[in-house]
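I set out to look up the fold, one sheet, one helix pair and a few single residues. My notes follow in the order in which I looked.

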Amino acid sequence: MDFNKRNESISELSAQNKKLGLTVLVLGGCLLLALVKMVMQSEILIVQTPGMPDNAYLERSYMDKASQEATLLTVTSSVVEINPDNAEYQKKLLGMYLSPASYTKIERDIDVRVAQLIAQRELGSYYFVLKKYEYDPLINKHFVIGDLHTVNAAKDSAQQYVFEYSAHIQNYRLWVDEVVTYEGDRAHNADYLKGQSSDRK
């Protein structure tokens with residue numbers, strides 16, 4: 001028996017085993033990192049809203065104001081522009097932006113409006129023309145102000161309305177927590193509320 005060749009073969013096998021062991025260790029580490037990343041990563045779903053700027057800035061819990069304005073204008077249009085033919089589509093669209101409690105209330109309002117239109121055999125339509133968007137950081141509320149148009153065979157009438165939104169950013173998207181509407185063109189912002197409380201004194 002040639003002991004030199006035997007020792008060389010054992011040395012080669014030992015070296016190969018070390019390389020294989022190191023390779024398995026590196027691959028195992030990579031797999032472990034991939035698994036940790038997969039487990040730690042939360043769901044990401046970005047809804048691109050019409051009118052959102054090309055340079056929109058989104059983070060997990062932050063969205064630039066231009067993107068928030070575009071989103072809330074889309075929500076406002078969907079809340080306003082209801083008829084028996086598009087009601088189900090508008091409800092699905094609103095479901096992507098409204099929190100469950102807010103969605104339940106708006107869905108109920110839409111169903112009531114559609115039932116009224118069907119009962120009255122009204123073929124009219126509604127649309128919204130934006131006049132102004134405001135955000136008040138003191139009370140963390142958004143205001144979409146504009147004209148709500150009602151169109152029927154006889155005329156197109158407009159009323160000024162304010163759509164007041166409480167919202168938050170979660171998982172890269174804006175969620176509307178509450179929608180309040182009232183006639184007029186004055187937002188019930190911090191200055192307005194301060195004036196109201198001083199009038200009561």
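**Entry 1: the model and its overall make-up**

I note at the start that this is a predicted model. I looked up the secondary structure and found 5 helices and 6 strands in the protein chain. Along the sequence, the elements follow the pattern α-β-β-α-α-α-β-β-β-β-α. The protein chain has 201 residues, of which 32% count as buried. I also looked up how contacts spread along the sequence. Taking contacts between residues at least 6 apart in sequence, I find that 48% join residues at least 24 apart.

**Entry 2: the sheet**

In which order do the strands of the 4-stranded open sheet stand? I read the order as β3-β4-β5-β6, and the pairing is antiparallel. The edge positions belong to β3 and β6; each has a single partner strand, so one side of each has no neighbour in the sheet. From one strand to the next, the twist averages 25°.

I then went through the pairs. β3 and β4 run antiparallel and are joined by 11 bridges. Within this pair I noted Leu130, which stands opposite Gly146 in β4. β4 and β5 are also antiparallel, over 11 bridges. Here Val151 has Asp156 in β5 as its bridge partner. For β5 and β6 I find 10 bridges, again in the antiparallel sense. Gln170 stands opposite Arg173 in β6.

**Entry 3: backbone angles in the loops**

I looked for positive phi values outside glycine. Asn140 has a phi near 50°, positive although the residue is not glycine. Asn140 sits in the loop that links β3 (125-136) and β4 (141-151). Is Asn140 buried or partly exposed? Its relative accessible area is 38%, so I entered Asn140 as partly exposed.

The hairpin of β5 and β6 has 2 residues between the strands. Asn171 in this hairpin takes a positive phi near 55°. Tyr172 also has a positive phi, near 70°, and is a residue other than glycine. I place Tyr172 in the loop between β5 (156-170) and β6 (173-183). At a relative accessible area of 18%, Tyr172 is under the 20% cut-off and therefore counts as buried.

**Entry 4: His149**

I looked up His149 and found this residue in strand β4. With 13% relative accessibility, His149 counts as buried. Which side chain makes a polar contact of 2.9 Å with the side chain of His149? The partner is Asp156. I had already entered Asp156 as the bridge partner of Val151.

I then listed the contacts of His149, leaving aside neighbours within four places in sequence. They are Ser125, Tyr126, Tyr127, Val129, Asp156, Ser157 and Ala158.

**Entry 5: Glu134**

Glu134 is in strand β3. The relative accessible area of Glu134 is 21%, so I entered this residue as partly exposed. The cut-off for buried is under 20%. A polar contact of 3.2 Å joins the side chain of Glu134 to that of Lys132.

I checked one C-alpha distance: Glu134 and Val144 are 6.6 Å apart in space and 10 residues apart in sequence. Not counting residues up to four places away in sequence, Glu134 touches Lys141, His142, Phe143, Ile145, Ala187 and Asn189.

**Entry 6: helices α2 and α3**

Two packed helices are described by the angle between their axes and the distance between the axes. I looked up both values for helix α2 (residues 65-80) and helix α3 (residues 87-95). The angle is about 150°, and the axes are 9 Å apart. Angles over 145 degrees count as roughly antiparallel, and α2 and α3 are therefore roughly antiparallel to each other. The crossing of α2 past α3 is left-handed.

Which residues meet between the two helices? From α2 I listed Thr74, Val75, Ser77, Ser78 and Val79, and from α3 Gln90, Leu93 and Leu94.

**Entry 7: α2 against the sheet**

Last, I looked up where α2 lies relative to the strands. α2 lies across β3, β4, β5 and β6. I noted the direction too: α2 runs at about 150° to β3.

Terms used: Residues are numbered from 1 along each chain as its sequence is written. This is a predicted model: local features need pLDDT of at least 70, side-chain atom pairs count only at pLDDT 80 or more; totals for chains, interfaces and linings use all residues. Side-chain values use heavy atoms; hydrogens and water are left out. Buried means under 20% relative accessible area, exposed over 50%, partly exposed in between (1.4 Å probe, protein chains only). Two strands pair if DSSP finds at least two bridges between them. A polar contact is a pair of N or O atoms within 3.5 Å; within protein, one must be able to donate a hydrogen and the other to accept it, and residues adjacent in sequence count only if both atoms are side-chain atoms. Contact means heavy atoms within 4.5 Å. Axes are lines fitted to C-alpha atoms, for helices over the stretch in contact, and angles run from 0 to 180 degrees between N-to-C directions. Angles under 35 degrees count as roughly parallel, over 145 as roughly antiparallel, 65 to 115 as roughly perpendicular and the rest as oblique. A crossing is left-handed if the near helix is turned anticlockwise from the far one by less than a right angle, and right-handed if clockwise.
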